[in-house]
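Student: I am new to this structure and would like a close look at one part of it. Please pick one helix and follow what surrounds it.

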Amino acid sequence: KLLTMYARELFIAGETEDFLAAEDGFFQMAMDARRSPEELDYCYCVMARIWRLKNCPEEFFKWALKNLVISPCSEMCNEVGQFYFDRGDYPEARIWFVNALQETKPILAAVYGDEIPAKMLDKCNEILAS
C-alpha cells in the first residue's frame, strides 16, 4: 500500500526533485521479484518519468516499454506523449495523448486519463495548426 500511495502522490503533486529523490527506492522495488504486476506498473511509471526528466531516451524507453507491451496505462501514454512533445515531434505526441484519452485507463491518477492528455492534445493541435 505504501508503494501505491507514494507513486500516486508523485504523479498527483510531485515535482522534478521529488521524482529524482524517489529513484533509488523505486528502482529497488521494480527489481523485487515479489512485487505484483500492478506494483511493477507503478514502479515503471515512476522510473519512466524519472528518466524522461533526466533526458535519457534509452533508459526512458527501457522502463516505458515494460508497461506498454503488457498493460498500457494512461500515465505511460502521457509520458511517451510528453517525451515527443518536448522534442518537437507534435504529430507523434498527439498520437500518444489520444491513446491516453481513448485507448487506456489511468492507474495512479484520473487526470492522466482525461484532463492532462486533453490539455496536451489541444497544445499539439494549436502548434500543428499554426
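Tutor: A residue counts as buried when its relative accessible area is under 20%. The model is a predicted one, and the part to follow is helix H6, residues 74-86.

H6 has 13 residues. From its first C-alpha to its last it reaches 18 Å, close to the 18 Å expected at 1.5 Å a residue. Eleven of the 13 residues are buried, so H6 is largely enclosed by the rest of the structure. The buried ones are Ser 74, Glu 75, Met 76, Cys 77, Asn 78, Glu 79, Val 80, Gly 81, Gln 82, Phe 83 and Phe 85. What covers them includes five helices: H1 (2-13), H4 (37-53), H5 (57-68), H7 (90-103) and H8 (115-129). Just after H6, Gly 88 takes a positive phi of about 80°.

Start with Met 76, one of the buried residues of H6. Leaving out residues up to four places away in sequence, Met 76 touches Tyr 44, Cys 45, Ala 48, Trp 63, Ala 64, Asn 67 and Leu 68. Met 76 also belongs to the largest nonpolar core, which has 33 residues. Within that core, Phe 26, Val 46 and Met 76 touch the most other members. At least two residues of the core come from each of H1, H3 (23-30), H4, H5 and H6. H4 gives the most, with ten residues. Apart from this core there is a second, separate one of seven residues, including Ala 93, Phe 97, Val 98 and Leu 121. As a general point, nonpolar side chains in soluble globular proteins tend to be buried together.

H4 deserves a look of its own, as one of the helices that cover H6. At 1.5 Å a residue, the 17 residues of H4 should span 24 Å, and its end C-alpha atoms are indeed 24 Å apart. Of those 17 residues, 14 are buried, so H4 too is largely enclosed by the rest of the structure. H4 is followed by Asn 55, whose phi is positive, near 60°.

H6 and H4 are also joined by charged side chains. Glu 79 forms a salt bridge with Arg 52, and their closest N and O atoms are 2.6 Å apart. This pair links distant parts of the chain, with Glu 79 in H6 and Arg 52 in H4, 27 residues apart. Both partners are buried: Glu 79 has 2% relative accessibility, and Arg 52 has a relative accessible area of 14%. Arg 52 meets Asp 86 as well, in a salt bridge of 3.4 Å, N to O. Asp 86 lies in H6 and Arg 52 in H4, so this pair ties together parts that are 34 residues apart in sequence. Unlike Glu 79, which is buried, Asp 86 is partly exposed, at 47% relative accessibility.

The count for the model comes to eight salt bridges. Some of them share partners and join Asp 32, Arg 34, Arg 35 and Glu 39 into one network. In that network, Arg 35 pairs with Asp 32, with 3.8 Å between the closest N and O atoms. Arg 35 is partly exposed, with a relative accessible area of 24%, while Asp 32 is buried, at 17%. In general, side chains of opposite charge can pair when their charged atoms come close.

Another charged residue to note is Glu 23, which lies in H3. Glu 23 is buried, with a relative accessible area of 15%. Its side chain is joined to that of Lys 54 by a polar contact of 2.7 Å. Neighbours within four places in sequence aside, Glu 23 is in contact with Met 47, Ile 50, Trp 51 and Lys 54.

Last, return to the start of H6. Pro 106 lies in the loop between H7 and H8. Leaving aside neighbours within four places in sequence, Pro 106 is in contact with Ser 74, Glu 75 and Gly 113. Ser 74 and Glu 75 are among the buried residues of H6. Pro 106 itself is partly exposed, at 32% relative accessibility. Between Pro 106 and Cys 77 there are 9.6 Å in space, C-alpha to C-alpha, and the two are 29 residues apart in sequence.

Key
Residues numbered from 1 in each chain as written. Predicted model: local features only at pLDDT ≥ 70, side-chain atom pairs only at ≥ 80, totals over all residues. Heavy atoms only, no water. Helix = DSSP H or I, 4+ residues; strand = E, 2+ residues; numbered from the N terminus. Expected span 1.5 Å × (residues − 1). Buried < 20%, exposed > 50% of the residue type's maximum accessible area, 1.4 Å probe, protein only. Contact = heavy atoms within 4.5 Å. Core = buried A, V, L, I, M, F, W, Y, C linked by side-chain atoms within 4.5 Å. Polar contact = N/O pair within 3.5 Å; in protein donor to acceptor, adjacent residues only side chain to side chain. Salt bridge = Lys/Arg side-chain N within 4 Å of Asp/Glu carboxyl O.
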